[in-house]
Amino acid sequence: MASVFRPETARQPPVERPPTPPNGGRYKIALCQLAVTPDKERNIAHARSVIEAAADNGAQLILLPEIWNCPYSNDSFPVYAEDIDAGFEASPSSAMLSNVAREKKLTIVGGSIPERSNGHLYNTCCVFDKDGELKAKHRKVHLFDIDIPGKITFKESDVLTAGDGPTIVDTDVGRIGVGICYDIRFPELAMLYAARGAHIICYPGAFNMTTGPAHWELLQKARAVDNQIYVATCAPARDPSAGYIAWGHSTLVGPFGQIVATTEHEQTTVIAEIDYSQTEKIRLNMPLESQRRGDLYNLVDVTRHASHKT
């Protein structure tokens with residue numbers, strides 16, 4: 001029957017097996033729920049001290065919030081934007097992350113900052129390895145454009161440009177897929193990462209007081225359960241005086257949809273253990289991959305499909 005259902009064709013190109021994770025697949029992750037101020041230098045210095053403290057407490061993987069170096073607003077993005085490609089002198093936020101990653105031997109998924117590049121502005125996440133090398137850069141693919149009357153209206157596309165592709169990177173703590181905030185609402189992106197063999201998907205995000213209580217936890221669990229994968233999120237701490245008020249609640253969700261660790265809205269660091277052997281066990285017990293109906297549907301990974309053709 002399986003051959004009739006053609007599960008191997010439900011993903012195009014076919015699914016990649018996750019690589020064997022280094023060091024046995026068990027790591028400590030730190031979700032650094034930072035308070036954000038209008039003072040960039042202060043934000044950078046504070047983020048560094050929090051990262052160092054997390055490393056001293058055994059964390060090997062650090063996740064920072066979306067837009068941690070400045071207020072989250074369309075007015076702020078052009079003012080605080082950094083040219084990451086121009087080097088660390090033009091990007092003090094990236095310079096700090098590289099430096100502390102190297103000094104503390106960490107993998108850092110650096111939340112996101114406003115990036116200026118070739119006349120465009122992006123909402124960008126940089127991933128650094130334990131040598132301080134920039135391993136990947138994810139530009140937010142799905143821009144946050146919403147209008148909920150009487151609640152919240154925001155249009156990132158008034159200022160920002162959308163990224164043009166998914167981002168997945170091999171690190172010392174496994175293969176990581178990256179999304180930013182609104183990206184989590186699109187299951188296709190997470191499905192691509194799972195099909196590319198990701199061990200974990202990291203979503204820095206800043207859900208608000210309308211969408212946060214309604215969907216933040218729900219979406220994390222959905223992406224984890226859909227793909228039988230770890231999902232980690234990190235938000236800014238809540239500032240009731242800010243123009244945009246973040247929901248907080250940074251969370252690690254396991255591959256069975258269980259909350260491994262979470263917090264409320266105050267500034268804090270959540271440290272939790274990831275164990276990729278749990279993913280293998282769950283996929284063995286519930287083998288969704290071999291039960292898909294390739295005769296009825298398939299998901300095409302456009303960029304990977306193009307590379308397979310050439």
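## Helix H4 and the residue after it

In this predicted model, helix H4 is followed by Lys-105, a residue whose phi is positive, near 55°. The helix itself covers residues 92-104, and because a rise of 1.5 Å a residue applied to its 13 residues gives an expected span of 18 Å, the separation of 18 Å between its end C-alpha atoms agrees with that expectation.

Several residues of H4 are buried, namely Ser-93, Ser-94, Met-96, Leu-97, Ser-98, Val-100 and Ala-101. What covers these buried residues includes helix H2 (40-56) together with three strands, S4 (107-109), S5 (113-117) and S6 (120-128).

## How H2 packs against H4

Two packed helices are described by the angle between their axes and the distance between the axes. For H2 and H4, the axes come within 10 Å and cross at roughly 20°; since angles under 35 degrees count as roughly parallel, the two helices are therefore described as roughly parallel to each other. Their crossing is right-handed.

On the H2 side, the contact is made by Lys-40, Ile-44, Ala-47, Arg-48, Ile-51, Glu-52, Ala-55 and Asp-56, while H4 contributes Pro-92, Ser-93, Met-96, Leu-97, Asn-99, Val-100, Glu-103 and Lys-104. Sorted by class, the residues in this contact of H2 with H4 are 8 nonpolar, 2 polar and 6 charged.

## How H5 packs against H6

A second helix pair is formed by H5 (residues 187-195) and H6 (residues 211-227), whose axes come within 10 Å and cross at roughly 40°. H5 and H6 are therefore oblique to each other, and their crossing is right-handed.

The contact is made by Pro-187, Ala-190, Met-191 and Ala-194 from H5, and by Arg-223, Asp-226 and Asn-227 from H6. By class, the residues of this contact of H5 with H6 comprise 4 nonpolar, 1 polar and 2 charged.

## Pro-204 in strand S12

Pro-204 lies in strand S12, which runs over residues 200-204. Its relative accessibility is 0%, and Pro-204 therefore counts as buried, the cut-off for that term being under 20%.

Leaving aside residues up to four places away in sequence, Pro-204 touches Leu-63, Leu-64, Pro-65, Glu-66, Gly-111, Cys-125, Gly-179, Ile-180, Cys-181 and Cys-234. Ala-214 stands 10 residues from Pro-204 along the chain, and the C-alpha atoms of these two residues are separated by 18 Å.

Terms used: Residues are numbered from 1 along each chain as its sequence is written. This is a predicted model: local features need pLDDT of at least 70, side-chain atom pairs count only at pLDDT 80 or more; totals for chains, interfaces and linings use all residues. Side-chain values use heavy atoms; hydrogens and water are left out. Helices (H or I, at least four residues) and strands (E, at least two) are DSSP runs, numbered from the N terminus. The expected span of a helix is 1.5 Å times one less than its number of residues. Buried means under 20% relative accessible area, exposed over 50%, partly exposed in between (1.4 Å probe, protein chains only). Contact means heavy atoms within 4.5 Å. Axes are lines fitted to C-alpha atoms, for helices over the stretch in contact, and angles run from 0 to 180 degrees between N-to-C directions. Angles under 35 degrees count as roughly parallel, over 145 as roughly antiparallel, 65 to 115 as roughly perpendicular and the rest as oblique. A crossing is left-handed if the near helix is turned anticlockwise from the far one by less than a right angle, and right-handed if clockwise. Ala, Val, Leu, Ile, Met, Phe, Trp, Tyr, Cys and Pro count as nonpolar, Asp, Glu, Lys and Arg as charged, and the others, Gly among them, as polar.
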